[in-house]
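Please look over the sequence and the model below before reading on. The report that follows begins with a metal site and then turns to the helices around it in the text.

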Amino acid sequence: MPTFTVSCSVLVALLLTSAPHAAAAQPSAGMPQPPADLIVTNGRIYTADPARPLVDAFAVRGGRVVFTGSAREAKALAGPATTVVDANGRTVIPGMVDGHAHFSGLAQKLRSVDLVGTRSLDEVIARVVERARRTPKGAWIVGRGWDQNAWGHTAFPTHEALSAATPDHPVLLERVDGHAAYVNAAAMQRAGLTAATKDPSGGRIVRDTKGNPTGVLIDRASSLVERQVPPLSRQEMRAALRDAVARMHSLGLVGMHDAGASREQIELFADMAQQGELNLRVYVMIADDATALDHYFQMGPRSALYDGQLWVRAVKLYADGAMGSRGAALLEPYSDDPNNSGLLLSAPAHIEDVARRGLAAGFQVNTHAIGDRGNRVVLDAYEKALDARPTANHRFRVEHAQILHQDDIPRFAQLGVIPSMQASHQTSDMYWIGKRLGPTRLYGAYAWQSLLQTGVVIPNGSDFPVEEVNPLISFHASIARQDARDWPAGGWYPEQRMSREDALRSMTLWPAYAGFQEQLMGSITPGKYADFVVLDQDIMRIPADLVLRTRVLSTWLAGRLVYKTPH
Ligand SMILES: [Zn+2]
(Lines give C-alpha, C1' and ligand atoms only; values in the text may rest on other atoms or scores of the structure.)
Protein backbone atom coordinates (compact mmCIF):
# COMPACT_ATOMS: atom_id res chain seq x y z
CA MET A 1 0.00 0.00 0.00
CA PRO A 2 1.48 3.38 -0.96
CA THR A 3 2.50 5.68 1.89
CA PHE A 4 0.17 8.54 0.95
CA THR A 5 -2.86 6.48 1.97
CA VAL A 6 -1.72 6.39 5.56
CA SER A 7 -0.77 10.07 5.60
CA CYS A 8 -4.17 11.14 4.35
CA SER A 9 -6.09 9.22 6.96
CA VAL A 10 -3.87 10.71 9.62
CA LEU A 11 -4.53 14.20 8.30
CA VAL A 12 -8.26 13.70 8.27
CA ALA A 13 -8.06 12.40 11.83
CA LEU A 14 -6.09 15.48 12.86
CA LEU A 15 -8.58 17.73 11.17
CA LEU A 16 -11.41 16.18 13.12
CA THR A 17 -9.78 16.33 16.52
CA SER A 18 -7.51 19.34 16.77
CA ALA A 19 -8.11 23.06 16.83
CA PRO A 20 -4.82 24.44 15.61
CA HIS A 21 -4.50 27.72 17.48
CA ALA A 22 -6.89 27.01 20.31
CA ALA A 23 -4.38 26.46 23.07
CA ALA A 24 -2.47 29.64 22.32
CA ALA A 25 -5.48 31.89 21.85
CA GLN A 26 -7.73 30.98 24.77
CA PRO A 27 -7.44 33.50 27.59
CA SER A 28 -5.31 32.17 30.38
CA ALA A 29 -4.87 33.35 33.94
CA GLY A 30 -2.19 35.93 34.50
CA MET A 31 -1.91 36.82 30.82
CA PRO A 32 -3.73 40.13 30.26
CA GLN A 33 -5.13 40.39 26.76
CA PRO A 34 -6.09 43.49 24.80
CA PRO A 35 -9.89 43.91 24.66
CA ALA A 36 -11.84 42.22 21.88
CA ASP A 37 -13.10 44.22 18.88
CA LEU A 38 -16.33 42.25 18.79
CA ILE A 39 -18.18 39.93 21.12
CA VAL A 40 -21.13 37.85 19.99
CA THR A 41 -23.09 36.67 22.97
CA ASN A 42 -26.30 35.01 24.04
CA GLY A 43 -26.53 32.80 20.95
CA ARG A 44 -26.89 29.14 20.12
CA ILE A 45 -23.55 29.03 18.41
CA TYR A 46 -22.81 25.88 16.45
CA THR A 47 -19.07 26.21 15.90
CA ALA A 48 -18.46 23.11 13.70
CA ASP A 49 -15.39 22.73 15.92
CA PRO A 50 -15.42 19.20 17.34
CA ALA A 51 -13.53 20.43 20.42
CA ARG A 52 -16.40 22.80 21.42
CA PRO A 53 -19.38 22.24 19.15
CA LEU A 54 -21.95 24.44 20.94
CA VAL A 55 -21.15 27.64 22.84
CA ASP A 56 -22.99 30.79 24.00
CA ALA A 57 -20.45 33.40 22.97
CA PHE A 58 -17.23 34.17 21.16
CA ALA A 59 -14.84 37.07 20.86
CA VAL A 60 -13.03 38.53 17.87
CA ARG A 61 -9.88 40.58 17.58
CA GLY A 62 -8.15 41.66 14.37
CA GLY A 63 -10.67 39.75 12.26
CA ARG A 64 -9.93 36.44 13.99
CA VAL A 65 -11.76 34.49 16.63
CA VAL A 66 -9.83 34.74 19.91
CA PHE A 67 -12.21 32.99 22.29
CA THR A 68 -15.23 30.67 22.30
CA GLY A 69 -17.16 29.69 25.40
CA SER A 70 -19.60 31.10 27.92
CA ALA A 71 -21.17 34.57 27.82
CA ARG A 72 -19.64 35.33 31.22
CA GLU A 73 -16.09 34.57 30.11
CA ALA A 74 -16.57 36.48 26.85
CA LYS A 75 -17.76 39.54 28.75
CA ALA A 76 -14.45 39.66 30.57
CA LEU A 77 -12.77 40.37 27.21
CA ALA A 78 -14.82 43.51 26.55
CA GLY A 79 -13.25 46.95 26.61
CA PRO A 80 -14.71 50.44 26.10
CA ALA A 81 -14.47 50.17 22.27
CA THR A 82 -15.76 46.60 21.97
CA THR A 83 -18.89 46.06 19.83
CA VAL A 84 -21.21 43.62 21.54
CA VAL A 85 -23.74 41.78 19.40
CA ASP A 86 -26.57 40.20 21.39
CA ALA A 87 -27.78 37.26 19.32
CA ASN A 88 -30.98 37.10 21.39
CA GLY A 89 -30.91 33.34 21.51
CA ARG A 90 -30.68 33.05 17.74
CA THR A 91 -28.65 30.42 15.96
CA VAL A 92 -25.14 31.27 14.78
CA ILE A 93 -23.14 29.05 12.42
CA PRO A 94 -19.77 29.46 10.70
CA GLY A 95 -19.82 31.37 7.41
CA MET A 96 -20.86 28.88 4.75
CA VAL A 97 -18.76 28.00 1.71
CA ASP A 98 -20.05 26.61 -1.57
CA GLY A 99 -17.62 23.82 -2.47
CA HIS A 100 -18.47 23.80 -6.17
CA ALA A 101 -20.02 26.66 -8.10
CA HIS A 102 -19.36 29.11 -10.91
CA PHE A 103 -18.65 32.67 -9.83
CA SER A 104 -18.61 34.35 -13.25
CA GLY A 105 -21.58 32.25 -14.36
CA LEU A 106 -23.65 33.62 -11.49
CA ALA A 107 -22.48 37.15 -12.26
CA GLN A 108 -23.61 36.76 -15.85
CA LYS A 109 -26.91 35.25 -14.85
CA LEU A 110 -27.65 38.14 -12.49
CA ARG A 111 -27.00 40.56 -15.35
CA SER A 112 -29.73 38.99 -17.47
CA VAL A 113 -33.45 39.67 -17.12
CA ASP A 114 -34.99 37.03 -14.89
CA LEU A 115 -38.12 35.64 -16.55
CA VAL A 116 -38.64 32.65 -14.27
CA GLY A 117 -42.23 32.50 -13.05
CA THR A 118 -43.69 34.85 -15.69
CA ARG A 119 -47.33 33.92 -16.33
CA SER A 120 -47.93 35.54 -19.73
CA LEU A 121 -46.14 36.89 -22.77
CA ASP A 122 -47.21 40.39 -21.67
CA GLU A 123 -45.39 39.91 -18.40
CA VAL A 124 -42.24 38.76 -20.22
CA ILE A 125 -42.36 41.82 -22.47
CA ALA A 126 -43.02 44.15 -19.54
CA ARG A 127 -39.88 42.92 -17.75
CA VAL A 128 -37.80 43.37 -20.90
CA VAL A 129 -39.19 46.88 -21.47
CA GLU A 130 -38.35 47.79 -17.89
CA ARG A 131 -34.74 46.72 -18.49
CA ALA A 132 -34.64 48.52 -21.87
CA ARG A 133 -35.46 51.80 -20.12
CA ARG A 134 -32.15 51.69 -18.25
CA THR A 135 -30.06 50.17 -21.05
CA PRO A 136 -28.31 52.33 -23.67
CA LYS A 137 -29.94 52.16 -27.10
CA GLY A 138 -28.38 49.53 -29.31
CA ALA A 139 -27.04 47.48 -26.40
CA TRP A 140 -28.15 43.86 -26.06
CA ILE A 141 -30.74 42.72 -23.56
CA VAL A 142 -30.43 39.08 -22.54
CA GLY A 143 -32.96 37.24 -20.41
CA ARG A 144 -33.81 33.73 -19.42
CA GLY A 145 -36.48 31.61 -17.83
CA TRP A 146 -39.67 31.95 -19.95
CA ASP A 147 -41.95 28.95 -20.38
CA GLN A 148 -44.92 29.19 -22.72
CA ASN A 149 -46.55 26.23 -20.95
CA ALA A 150 -47.26 28.61 -18.06
CA TRP A 151 -49.11 31.07 -20.31
CA GLY A 152 -52.35 29.11 -20.65
CA HIS A 153 -51.47 27.87 -24.14
CA THR A 154 -48.51 25.93 -25.41
CA ALA A 155 -47.75 27.58 -28.77
CA PHE A 156 -44.40 29.36 -29.06
CA PRO A 157 -44.62 33.17 -29.12
CA THR A 158 -43.79 35.15 -32.27
CA HIS A 159 -41.57 38.19 -32.38
CA GLU A 160 -44.01 40.98 -33.39
CA ALA A 161 -45.16 42.09 -29.93
CA LEU A 162 -41.63 41.93 -28.52
CA SER A 163 -40.19 43.74 -31.55
CA ALA A 164 -42.78 46.52 -31.28
CA ALA A 165 -42.08 46.99 -27.56
CA THR A 166 -38.28 47.04 -27.94
CA PRO A 167 -37.46 48.69 -31.27
CA ASP A 168 -34.08 50.07 -30.10
CA HIS A 169 -32.46 47.04 -28.46
CA PRO A 170 -31.59 43.60 -29.76
CA VAL A 171 -33.23 41.10 -27.38
CA LEU A 172 -32.39 37.43 -26.75
CA LEU A 173 -34.52 35.50 -24.24
CA GLU A 174 -33.59 31.94 -23.39
CA ARG A 175 -36.33 29.45 -22.57
CA VAL A 176 -36.35 28.03 -19.03
CA ASP A 177 -34.65 24.77 -20.16
CA GLY A 178 -32.06 26.50 -22.34
CA HIS A 179 -33.29 24.60 -25.41
CA ALA A 180 -34.94 27.52 -27.24
CA ALA A 181 -34.47 31.27 -27.63
CA TYR A 182 -37.04 33.99 -28.30
CA VAL A 183 -35.59 36.98 -30.16
CA ASN A 184 -36.85 40.30 -31.55
CA ALA A 185 -36.47 41.85 -35.00
CA ALA A 186 -33.41 43.90 -34.01
CA ALA A 187 -31.63 40.73 -32.83
CA MET A 188 -32.50 38.88 -36.05
CA GLN A 189 -31.23 41.83 -38.04
CA ARG A 190 -27.89 41.84 -36.16
CA ALA A 191 -27.54 38.14 -36.87
CA GLY A 192 -28.54 38.53 -40.53
CA LEU A 193 -31.33 36.03 -39.95
CA THR A 194 -33.79 35.92 -42.89
CA ALA A 195 -35.96 33.47 -44.81
CA ALA A 196 -32.81 32.54 -46.72
CA THR A 197 -30.94 31.39 -43.58
CA LYS A 198 -30.64 27.61 -43.44
CA ASP A 199 -31.28 25.63 -40.28
CA PRO A 200 -27.95 24.68 -38.68
CA SER A 201 -27.35 21.03 -37.87
CA GLY A 202 -28.82 20.19 -34.48
CA GLY A 203 -31.09 23.23 -34.59
CA ARG A 204 -34.25 24.62 -36.16
CA ILE A 205 -35.46 28.12 -36.99
CA VAL A 206 -39.23 28.29 -36.42
CA ARG A 207 -40.80 29.86 -39.56
CA ASP A 208 -44.14 31.14 -40.84
CA THR A 209 -45.80 29.76 -44.00
CA LYS A 210 -43.58 32.00 -46.17
CA GLY A 211 -40.40 30.71 -44.53
CA ASN A 212 -39.70 33.87 -42.50
CA PRO A 213 -38.24 33.34 -39.04
CA THR A 214 -40.95 33.93 -36.40
CA GLY A 215 -38.55 34.73 -33.55
CA VAL A 216 -38.06 31.34 -31.91
CA LEU A 217 -34.86 29.37 -32.40
CA ILE A 218 -34.60 25.77 -31.27
CA ASP A 219 -31.43 24.20 -29.84
CA ARG A 220 -28.32 24.95 -31.93
CA ALA A 221 -30.19 27.57 -33.98
CA SER A 222 -30.02 29.83 -30.90
CA SER A 223 -26.29 30.19 -31.43
CA LEU A 224 -26.94 32.07 -34.71
CA VAL A 225 -28.05 34.99 -32.53
CA GLU A 226 -26.16 34.18 -29.31
CA ARG A 227 -22.78 34.60 -30.94
CA GLN A 228 -23.68 38.22 -31.77
CA VAL A 229 -24.00 39.08 -28.08
CA PRO A 230 -20.72 40.64 -26.95
CA PRO A 231 -19.20 39.36 -23.70
CA LEU A 232 -19.51 41.70 -20.72
CA SER A 233 -16.76 44.32 -20.59
CA ARG A 234 -14.29 44.10 -17.71
CA GLN A 235 -16.12 46.99 -16.05
CA GLU A 236 -19.54 45.32 -16.45
CA MET A 237 -18.14 42.01 -15.25
CA ARG A 238 -16.70 43.66 -12.17
CA ALA A 239 -20.06 45.17 -11.30
CA ALA A 240 -21.77 41.85 -11.98
CA LEU A 241 -19.32 39.98 -9.74
CA ARG A 242 -20.02 42.46 -6.93
CA ASP A 243 -23.74 41.74 -7.35
CA ALA A 244 -22.99 38.01 -7.21
CA VAL A 245 -21.05 38.48 -3.96
CA ALA A 246 -23.92 40.50 -2.48
CA ARG A 247 -26.29 37.66 -3.38
CA MET A 248 -23.98 35.12 -1.72
CA HIS A 249 -23.65 37.23 1.45
CA SER A 250 -27.43 37.56 1.66
CA LEU A 251 -27.66 33.76 1.76
CA GLY A 252 -24.92 33.20 4.34
CA LEU A 253 -22.03 32.38 2.01
CA VAL A 254 -18.61 33.85 2.79
CA GLY A 255 -16.71 31.80 0.26
CA MET A 256 -16.93 29.56 -2.76
CA HIS A 257 -14.83 27.18 -4.83
CA ASP A 258 -14.94 28.36 -8.43
CA ALA A 259 -15.04 25.19 -10.54
CA GLY A 260 -13.16 26.38 -13.61
CA ALA A 261 -11.82 29.91 -14.03
CA SER A 262 -9.74 31.31 -16.88
CA ARG A 263 -6.55 33.27 -16.31
CA GLU A 264 -8.42 36.45 -17.24
CA GLN A 265 -11.11 35.75 -14.64
CA ILE A 266 -8.57 34.89 -11.94
CA GLU A 267 -6.72 38.12 -12.63
CA LEU A 268 -9.97 40.06 -12.32
CA PHE A 269 -10.72 38.41 -8.94
CA ALA A 270 -7.19 39.28 -7.81
CA ASP A 271 -7.59 42.87 -8.89
CA MET A 272 -10.90 43.17 -7.06
CA ALA A 273 -9.43 41.58 -3.93
CA GLN A 274 -6.52 43.99 -4.03
CA GLN A 275 -8.89 46.95 -4.32
CA GLY A 276 -10.93 45.68 -1.39
CA GLU A 277 -14.06 45.08 -3.46
CA LEU A 278 -14.19 41.28 -3.44
CA ASN A 279 -15.10 40.50 0.19
CA LEU A 280 -15.30 36.79 -0.53
CA ARG A 281 -12.98 33.83 0.02
CA VAL A 282 -12.53 32.44 -3.47
CA TYR A 283 -10.80 29.11 -3.99
CA VAL A 284 -10.28 28.89 -7.72
CA MET A 285 -9.84 25.83 -9.88
CA ILE A 286 -7.94 26.80 -13.01
CA ALA A 287 -9.83 25.74 -16.14
CA ASP A 288 -8.07 23.11 -18.26
CA ASP A 289 -6.07 25.19 -20.71
CA ALA A 290 -2.47 24.29 -21.58
CA THR A 291 -1.14 27.85 -21.48
CA ALA A 292 -2.89 28.75 -18.23
CA LEU A 293 -1.71 25.53 -16.56
CA ASP A 294 1.90 26.17 -17.61
CA HIS A 295 1.66 29.70 -16.28
CA TYR A 296 0.27 28.79 -12.87
CA PHE A 297 2.28 25.58 -12.41
CA GLN A 298 5.42 27.62 -12.93
CA MET A 299 4.26 30.17 -10.39
CA GLY A 300 3.55 27.45 -7.80
CA PRO A 301 0.61 27.10 -5.43
CA ARG A 302 -0.54 30.32 -3.71
CA SER A 303 -2.87 30.45 -0.72
CA ALA A 304 -4.79 33.07 1.26
CA LEU A 305 -3.75 35.91 -1.05
CA TYR A 306 -5.02 39.43 -0.28
CA ASP A 307 -5.71 38.65 3.33
CA GLY A 308 -7.47 35.36 2.72
CA GLN A 309 -9.50 36.18 -0.37
CA LEU A 310 -7.91 34.14 -3.12
CA TRP A 311 -6.38 30.67 -3.42
CA VAL A 312 -4.77 29.59 -6.70
CA ARG A 313 -3.60 26.02 -6.23
CA ALA A 314 -6.11 23.76 -8.00
CA VAL A 315 -6.99 22.63 -11.50
CA LYS A 316 -10.37 21.64 -12.97
CA LEU A 317 -10.65 18.86 -15.53
CA TYR A 318 -13.65 17.16 -17.14
CA ALA A 319 -13.95 13.39 -17.45
CA ASP A 320 -17.49 13.13 -18.82
CA GLY A 321 -20.78 14.97 -19.41
CA ALA A 322 -24.07 15.11 -17.48
CA MET A 323 -26.88 12.67 -16.75
CA GLY A 324 -29.77 14.78 -18.10
CA SER A 325 -28.37 14.79 -21.64
CA ARG A 326 -27.08 11.19 -21.33
CA GLY A 327 -23.53 12.45 -21.67
CA ALA A 328 -22.27 10.96 -18.39
CA ALA A 329 -19.99 7.97 -19.08
CA LEU A 330 -21.46 4.69 -17.77
CA LEU A 331 -19.97 1.21 -17.39
CA GLU A 332 -23.23 -0.28 -18.82
CA PRO A 333 -25.62 1.45 -21.28
CA TYR A 334 -28.36 3.82 -20.18
CA SER A 335 -31.48 1.92 -19.13
CA ASP A 336 -33.60 4.17 -21.37
CA ASP A 337 -31.12 4.22 -24.28
CA PRO A 338 -29.61 0.73 -24.65
CA ASN A 339 -27.12 1.70 -27.39
CA ASN A 340 -25.67 4.60 -25.45
CA SER A 341 -23.19 4.53 -22.56
CA GLY A 342 -22.37 8.22 -22.63
CA LEU A 343 -18.94 9.55 -23.49
CA LEU A 344 -15.62 10.66 -22.06
CA LEU A 345 -14.76 14.31 -22.59
CA SER A 346 -11.07 13.88 -21.78
CA ALA A 347 -8.74 11.01 -22.64
CA PRO A 348 -7.79 9.13 -19.45
CA ALA A 349 -4.14 9.73 -20.39
CA HIS A 350 -4.76 13.48 -20.23
CA ILE A 351 -6.20 13.26 -16.72
CA GLU A 352 -3.23 11.15 -15.62
CA ASP A 353 -0.78 13.55 -17.22
CA VAL A 354 -2.26 16.65 -15.55
CA ALA A 355 -2.46 14.72 -12.27
CA ARG A 356 1.27 13.92 -12.46
CA ARG A 357 2.15 17.49 -13.32
CA GLY A 358 -0.16 18.74 -10.56
CA LEU A 359 1.61 16.54 -8.01
CA ALA A 360 5.01 17.78 -9.21
CA ALA A 361 3.92 21.43 -9.04
CA GLY A 362 2.05 21.12 -5.73
CA PHE A 363 -1.41 21.68 -7.24
CA GLN A 364 -4.63 19.89 -6.38
CA VAL A 365 -6.38 18.24 -9.35
CA ASN A 366 -10.20 18.21 -9.39
CA THR A 367 -12.02 16.33 -12.14
CA HIS A 368 -15.70 16.47 -13.06
CA ALA A 369 -17.08 12.92 -13.16
CA ILE A 370 -20.77 12.01 -13.09
CA GLY A 371 -21.20 8.48 -14.47
CA ASP A 372 -19.78 5.33 -12.86
CA ARG A 373 -17.35 4.92 -15.75
CA GLY A 374 -16.33 8.58 -15.57
CA ASN A 375 -15.60 8.16 -11.87
CA ARG A 376 -13.64 4.95 -12.36
CA VAL A 377 -11.55 6.51 -15.10
CA VAL A 378 -10.64 9.41 -12.83
CA LEU A 379 -9.80 7.19 -9.85
CA ASP A 380 -7.65 4.99 -12.12
CA ALA A 381 -5.82 8.02 -13.53
CA TYR A 382 -5.21 9.48 -10.06
CA GLU A 383 -4.03 6.10 -8.80
CA LYS A 384 -1.48 5.76 -11.61
CA ALA A 385 -0.19 9.30 -11.05
CA LEU A 386 0.08 8.67 -7.30
CA ASP A 387 1.85 5.33 -7.81
CA ALA A 388 4.40 7.13 -9.95
CA ARG A 389 4.77 9.95 -7.43
CA PRO A 390 3.49 9.07 -3.96
CA THR A 391 2.44 12.34 -2.37
CA ALA A 392 1.05 12.95 1.08
CA ASN A 393 -1.78 15.42 1.46
CA HIS A 394 -2.56 15.85 -2.26
CA ARG A 395 -6.31 16.13 -1.55
CA PHE A 396 -7.22 15.42 -5.19
CA ARG A 397 -10.95 15.67 -5.76
CA VAL A 398 -13.68 14.21 -7.94
CA GLU A 399 -16.28 16.88 -8.67
CA HIS A 400 -19.87 15.52 -8.45
CA ALA A 401 -19.03 11.78 -7.98
CA GLN A 402 -22.72 11.21 -8.62
CA ILE A 403 -22.97 7.60 -9.78
CA LEU A 404 -20.46 5.18 -8.28
CA HIS A 405 -19.93 1.48 -8.85
CA GLN A 406 -19.95 -0.29 -5.47
CA ASP A 407 -16.33 -1.38 -6.00
CA ASP A 408 -15.20 2.23 -6.37
CA ILE A 409 -16.78 3.65 -3.20
CA PRO A 410 -13.91 2.57 -0.87
CA ARG A 411 -11.27 3.75 -3.34
CA PHE A 412 -11.79 7.41 -2.44
CA ALA A 413 -10.60 6.85 1.13
CA GLN A 414 -7.87 4.45 0.01
CA LEU A 415 -6.43 6.97 -2.42
CA GLY A 416 -7.08 10.02 -0.24
CA VAL A 417 -9.41 11.43 -2.92
CA ILE A 418 -12.21 13.77 -1.85
CA PRO A 419 -15.70 13.33 -3.34
CA SER A 420 -17.01 16.89 -3.84
CA MET A 421 -20.80 16.50 -4.11
CA GLN A 422 -23.74 18.85 -4.48
CA ALA A 423 -26.73 17.60 -2.54
CA SER A 424 -29.20 19.71 -4.51
CA HIS A 425 -28.36 17.69 -7.64
CA GLN A 426 -29.89 14.67 -5.91
CA THR A 427 -33.22 16.41 -5.28
CA SER A 428 -33.23 17.92 -8.78
CA ASP A 429 -32.47 14.62 -10.53
CA MET A 430 -34.45 12.11 -8.45
CA TYR A 431 -37.62 12.45 -10.56
CA TRP A 432 -36.06 10.96 -13.70
CA ILE A 433 -32.71 9.41 -12.81
CA GLY A 434 -34.29 5.99 -12.17
CA LYS A 435 -35.32 5.83 -15.84
CA ARG A 436 -31.76 6.53 -16.94
CA LEU A 437 -30.10 4.01 -14.61
CA GLY A 438 -32.60 1.34 -13.49
CA PRO A 439 -32.91 0.36 -9.82
CA THR A 440 -29.59 -1.41 -9.14
CA ARG A 441 -27.29 1.45 -10.04
CA LEU A 442 -29.24 3.85 -7.81
CA TYR A 443 -27.60 2.23 -4.76
CA GLY A 444 -24.42 4.01 -5.81
CA ALA A 445 -26.15 7.31 -6.69
CA TYR A 446 -25.44 10.35 -4.49
CA ALA A 447 -24.14 7.79 -1.99
CA TRP A 448 -23.15 10.22 0.75
CA GLN A 449 -23.50 7.88 3.71
CA SER A 450 -21.71 4.98 1.99
CA LEU A 451 -18.81 7.33 1.29
CA LEU A 452 -18.77 8.93 4.76
CA GLN A 453 -18.59 5.50 6.32
CA THR A 454 -15.30 4.87 4.52
CA GLY A 455 -13.82 7.88 6.34
CA VAL A 456 -13.82 10.59 3.65
CA VAL A 457 -15.17 14.11 4.01
CA ILE A 458 -17.70 15.49 1.50
CA PRO A 459 -17.56 19.19 0.67
CA ASN A 460 -21.10 20.23 -0.28
CA GLY A 461 -22.17 22.80 -2.83
CA SER A 462 -24.80 23.98 -5.24
CA ASP A 463 -23.12 24.20 -8.67
CA PHE A 464 -24.79 27.60 -9.06
CA PRO A 465 -25.94 29.05 -11.42
CA VAL A 466 -27.06 25.57 -12.56
CA GLU A 467 -28.92 25.33 -9.24
CA GLU A 468 -30.09 27.99 -6.77
CA VAL A 469 -27.44 29.84 -4.75
CA ASN A 470 -29.07 29.27 -1.33
CA PRO A 471 -26.80 26.79 0.54
CA LEU A 472 -29.66 25.73 2.80
CA ILE A 473 -31.22 23.95 -0.18
CA SER A 474 -28.29 21.54 -0.17
CA PHE A 475 -28.34 21.41 3.65
CA HIS A 476 -32.01 20.38 3.49
CA ALA A 477 -31.39 17.86 0.69
CA SER A 478 -28.48 16.40 2.69
CA ILE A 479 -30.58 15.67 5.76
CA ALA A 480 -33.90 14.84 4.07
CA ARG A 481 -33.29 13.70 0.47
CA GLN A 482 -36.69 15.28 -0.21
CA ASP A 483 -37.80 18.22 -2.32
CA ALA A 484 -39.39 21.42 -1.00
CA ARG A 485 -42.78 19.64 -0.93
CA ASP A 486 -41.41 16.80 1.22
CA TRP A 487 -41.45 14.37 -1.70
CA PRO A 488 -40.89 11.46 -1.57
CA ALA A 489 -42.29 10.58 1.85
CA GLY A 490 -39.45 9.30 4.02
CA GLY A 491 -36.79 10.49 1.56
CA TRP A 492 -35.23 9.13 -1.62
CA TYR A 493 -32.90 6.24 -0.66
CA PRO A 494 -32.99 7.70 2.86
CA GLU A 495 -30.22 5.46 4.16
CA GLN A 496 -27.83 7.81 2.33
CA ARG A 497 -28.92 10.92 4.29
CA MET A 498 -26.36 12.86 6.29
CA SER A 499 -26.72 13.70 9.97
CA ARG A 500 -27.27 17.41 10.63
CA GLU A 501 -23.81 17.64 12.18
CA ASP A 502 -22.23 16.21 9.04
CA ALA A 503 -24.42 18.40 6.81
CA LEU A 504 -23.21 21.49 8.70
CA ARG A 505 -19.59 20.34 8.36
CA SER A 506 -20.17 19.71 4.65
CA MET A 507 -20.86 23.43 4.16
CA THR A 508 -18.16 24.74 6.50
CA LEU A 509 -15.28 22.61 7.75
CA TRP A 510 -15.17 20.12 4.89
CA PRO A 511 -14.99 22.62 2.01
CA ALA A 512 -12.23 24.32 4.05
CA TYR A 513 -10.36 21.00 4.19
CA ALA A 514 -10.99 20.44 0.48
CA GLY A 515 -9.39 23.85 -0.13
CA PHE A 516 -6.39 23.45 2.23
CA GLN A 517 -7.95 26.19 4.37
CA GLU A 518 -8.88 24.37 7.57
CA GLN A 519 -6.24 26.24 9.60
CA LEU A 520 -7.90 29.52 8.66
CA MET A 521 -11.61 28.89 8.23
CA GLY A 522 -14.47 26.39 8.35
CA SER A 523 -15.31 26.62 12.05
CA ILE A 524 -15.69 29.19 14.81
CA THR A 525 -12.39 28.36 16.47
CA PRO A 526 -9.77 30.56 18.09
CA GLY A 527 -7.16 31.48 15.49
CA LYS A 528 -9.50 31.28 12.50
CA TYR A 529 -11.18 34.07 10.54
CA ALA A 530 -14.28 35.39 12.30
CA ASP A 531 -16.67 34.42 9.50
CA PHE A 532 -20.18 33.64 10.73
CA VAL A 533 -23.88 33.83 10.00
CA VAL A 534 -26.88 34.58 12.22
CA LEU A 535 -30.05 32.64 11.29
CA ASP A 536 -33.66 33.22 12.34
CA GLN A 537 -34.21 29.51 13.07
CA ASP A 538 -32.19 26.69 14.58
CA ILE A 539 -31.48 24.50 11.55
CA MET A 540 -29.93 21.87 13.81
CA ARG A 541 -33.22 21.27 15.68
CA ILE A 542 -36.29 22.39 13.69
CA PRO A 543 -38.20 19.83 11.60
CA ALA A 544 -36.41 19.32 8.29
CA ASP A 545 -39.24 20.79 6.23
CA LEU A 546 -38.81 24.16 7.97
CA VAL A 547 -35.14 24.43 7.01
CA LEU A 548 -36.00 25.89 3.61
CA ARG A 549 -37.93 28.69 5.32
CA THR A 550 -34.91 29.76 7.35
CA ARG A 551 -33.63 33.26 6.69
CA VAL A 552 -30.18 34.74 7.12
CA LEU A 553 -30.32 37.72 9.52
CA SER A 554 -26.70 38.78 9.09
CA THR A 555 -23.43 37.62 7.54
CA TRP A 556 -19.99 38.53 8.88
CA LEU A 557 -16.61 38.27 7.18
CA ALA A 558 -13.50 38.56 9.36
CA GLY A 559 -15.62 40.11 12.11
CA ARG A 560 -17.10 42.70 9.73
CA LEU A 561 -20.81 42.91 8.90
CA VAL A 562 -21.24 42.30 5.14
CA TYR A 563 -24.98 41.63 5.07
CA LYS A 564 -27.91 42.47 7.29
CA THR A 565 -31.51 41.57 6.53
CA PRO A 566 -33.54 44.65 5.58
CA HIS A 567 -36.47 43.68 7.82
ZN1 LIG B 1 -20.02 22.86 -12.11
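In this predicted model, a zinc ion is coordinated by NE2 of His100, NE2 of His102 and OD of Asp463, at 2.1 to 2.2 Å. Along the chain these donors follow the spacing H-x1-H-x360-D, and the site links distant parts of the chain, since His102 lies in the loop between β8 and α4 while Asp463, 361 residues apart from His102, lies in the loop between α18 and α19. Both His102 and Asp463 are buried.

The table lists the elements on either side of these two loops.

| Element | Residues |
|---|---|
| β8 | 96–101 |
| α4 | 103–111 |
| α18 | 448–452 |
| α19 | 471–480 |

Consider first helix α4, whose axis comes within 8 Å of the axis of helix α9 (residues 234–250), the two crossing at roughly 100 degrees. Because an angle of 65 to 115 degrees counts as roughly perpendicular, α4 and α9 are described as roughly perpendicular to each other. On the α4 side the contact is made by Phe103, Ser104, Leu106, Ala107, Leu110 and Arg111, and on the α9 side the residues taking part include Met237, Leu241, Val245 and Met248. Sorted by class, this contact has 11 nonpolar, 1 polar and 4 charged residues.

Helix α19 is mostly covered, with 9 of its 10 residues buried. The buried residues are Pro471, Leu472, Ser474, Phe475, His476, Ala477, Ser478, Ile479 and Ala480, and what covers them includes β8 and α18, together with β15 (253–261), α16 (423–429) and α20 (500–506).

How exposed is Ile473, which is found in α19? Its relative accessible area is 28%, and because buried means under 20% and exposed means over 50%, Ile473 counts as partly exposed. If neighbours within four places in sequence are left aside, Ile473 is in contact with Ser424, Glu468 and Leu548. Of these, Ser424 is 49 residues away from Ile473 along the chain, yet the C-alpha atoms of Ile473 and Ser424 are separated by 6.4 Å.

Finally, a word on confidence. The mean pLDDT of the chain is 93, and 94% of its residues reach 70 or more. Over residues 1–27, however, pLDDT stays under 50, although the model has 45 contacts beyond four places in sequence for this stretch.

How values were computed: Residues are numbered from 1 along each chain as its sequence is written. This is a predicted model: local features need pLDDT of at least 70, side-chain atom pairs count only at pLDDT 80 or more; totals for chains, interfaces and linings use all residues. Side-chain values use heavy atoms; hydrogens and water are left out. Helices (H or I, at least four residues) and strands (E, at least two) are DSSP runs, numbered from the N terminus. Buried means under 20% relative accessible area, exposed over 50%, partly exposed in between (1.4 Å probe, protein chains only). Contact means heavy atoms within 4.5 Å. Axes are lines fitted to C-alpha atoms, for helices over the stretch in contact, and angles run from 0 to 180 degrees between N-to-C directions. Angles under 35 degrees count as roughly parallel, over 145 as roughly antiparallel, 65 to 115 as roughly perpendicular and the rest as oblique. Ala, Val, Leu, Ile, Met, Phe, Trp, Tyr, Cys and Pro count as nonpolar, Asp, Glu, Lys and Arg as charged, and the others, Gly among them, as polar. pLDDT is the predictor's confidence in each residue, from 0 to 100. Donors are N, O and S atoms within 2.8 Å of the metal (3.2 Å for Na, K and Ca); water is not among the atoms, so sites may look incomplete.
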